Amino acid sequence: MTNARTTAETSIVDRTFRKGLKSLKSSWTQVEIASENLSEAILNFAQEYVRLENEAKELDGKVGEANKMALKQEFAQIFDKSSESILSKWRTIGRLADRLLPYAMHLPTNYESLYLVSKSVENKTFDIQKNIEKGFLAPAC
């Protein structure tokens with residue numbers, strides 16, 4: 001009888017604790033929303049960078065690189081550093097942004113990880129939908 005009583009007592013979850021569990025779930029939902037928004041913002045930033053880089057090339061033409069240099073300087077100020085490697089990663093993300101944006105809620109929130117996903121999608125070695133279905137792609141796991 002003691003064993004049955006102990007089982008019954010342990011199966012009753014405190015009402016205040018249940019509120020805490022509900023709050024925990026709500027907090028995680030906020031993380032998911034923030035992750036989706038952050039991934040989408042990063043993709044939009046990369047897309048804008050590529051657009052401006054293409055515009056700078058057109059404006060500069062064959063007479064110089066004033067607009068291209070202005071873009072590089074602005075980028076360096078935003079990131080406190082700039083290298084061709086970093087710019088190349090942002091270009092790749094920006095080029096693939098249209099294909100990635102529909103999956104923003106599942107994408108990583110780090111630009112280097114987004115670059116790896118972008119590069120894999122570009123090389124056709126990574127199927128976003130299949131990786132989401134398998135649980136391999138999530139922003140904050």
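Let's start at Arg91. Its relative accessible area is 17%, and Arg91 is buried. The cut-off for buried is under 20%, so 17% qualifies. One caveat before going on: this is a predicted model.

Where does Arg91 sit? In helix H4. That helix covers residues 84–100.

Now its partners. Set aside the neighbours within four places in sequence. Arg91 is then in contact with Tyr49, Val50, Glu53 and Glu84. Two of these matter for charge. Take Glu84. Arg91 forms a salt bridge with Glu84, and the closest N and O atoms are 2.7 Å apart. The two side chains also make a polar contact, again listed at 2.7 Å.

Then Glu53. Its side chain meets that of Arg91 in a salt bridge, 2.7 Å from N to O. Arg91 lies in H4 and Glu53 in helix H2, residues 15–60, so this pair ties together parts that are 38 residues apart in sequence. Is Glu53 buried or exposed? Glu53 is buried, and so is Arg91.

Next, Lys72. The side chains of Lys72 and Glu84 meet in a salt bridge, with 3.7 Å from N to O. This pair links distant parts of the chain: Lys72 is in helix H3, residues 66–79, and Glu84 is in H4, 12 residues apart. What about accessibility here? Lys72 has 23% relative accessibility, so Lys72 counts as partly exposed. Glu84 has 44% and therefore counts as partly exposed too. Put the pieces together. Salt bridges with shared partners join Glu53, Lys72, Glu84 and Arg91 into one network. For the wider picture, how many salt bridges does a search of the whole structure find? Seven.

Let's move to the rings. A search of the whole structure finds eight aromatic pairs. Look at Phe45 and Trp90. They form an edge-to-face pair, 4.9 Å centre to centre, with 80° between the planes. Why edge-to-face? Because planes over 60 degrees apart count that way. Phe45 lies in H2 and Trp90 in H4, so the pair ties together parts that are 45 residues apart in sequence. The two residues fall in separate accessibility classes. Phe45, at 27% relative accessibility, counts as partly exposed. Trp90, at 3%, counts as buried. Both belong to one aromatic cluster: Phe45, Tyr49, Phe75, Phe79, Trp90 and Tyr111. Note Tyr49 in that list. Tyr49 is also in contact with Arg91.

Last topic: the nonpolar core. In soluble globular proteins, nonpolar side chains tend to be buried together. Here, the largest nonpolar core has 23 residues. Which residues touch the most other members? Leu43, Tyr49, Trp90, Ile93, Leu100 and Leu107. Tyr49 and Trp90 come up again, after the aromatic cluster.

Which helices feed this core? H2, H3, H4, H5 at 111–122 and H6 at 128–133 each supply at least two residues. The largest share comes from H4, with seven residues. H4 is also the helix of Arg91.

One more residue, Leu107. Not counting residues up to four places away in sequence, Leu107 touches Ser39, Leu43, Leu100, Leu114, Val117, Leu137 and Pro139. Among them, Leu43 and Leu100 are on the list of core residues that touch the most other members.

To wrap up on H4. This helix holds Arg91, which bridges to Glu53. It holds Trp90, which pairs with Phe45. And it gives the largest share of the core.

Key: Residues numbered from 1 in each chain as written. Predicted model: local features only at pLDDT ≥ 70, side-chain atom pairs only at ≥ 80, totals over all residues. Heavy atoms only, no water. Salt bridge = Lys/Arg side-chain N within 4 Å of Asp/Glu carboxyl O. Helix = DSSP H or I, 4+ residues; strand = E, 2+ residues; numbered from the N terminus. Buried < 20%, exposed > 50% of the residue type's maximum accessible area, 1.4 Å probe, protein only. Polar contact = N/O pair within 3.5 Å; in protein donor to acceptor, adjacent residues only side chain to side chain. Contact = heavy atoms within 4.5 Å. Core = buried A, V, L, I, M, F, W, Y, C linked by side-chain atoms within 4.5 Å. Phe/Tyr/Trp six-rings, centres within 6.5 Å; stacked < 30°, edge-to-face > 60°.
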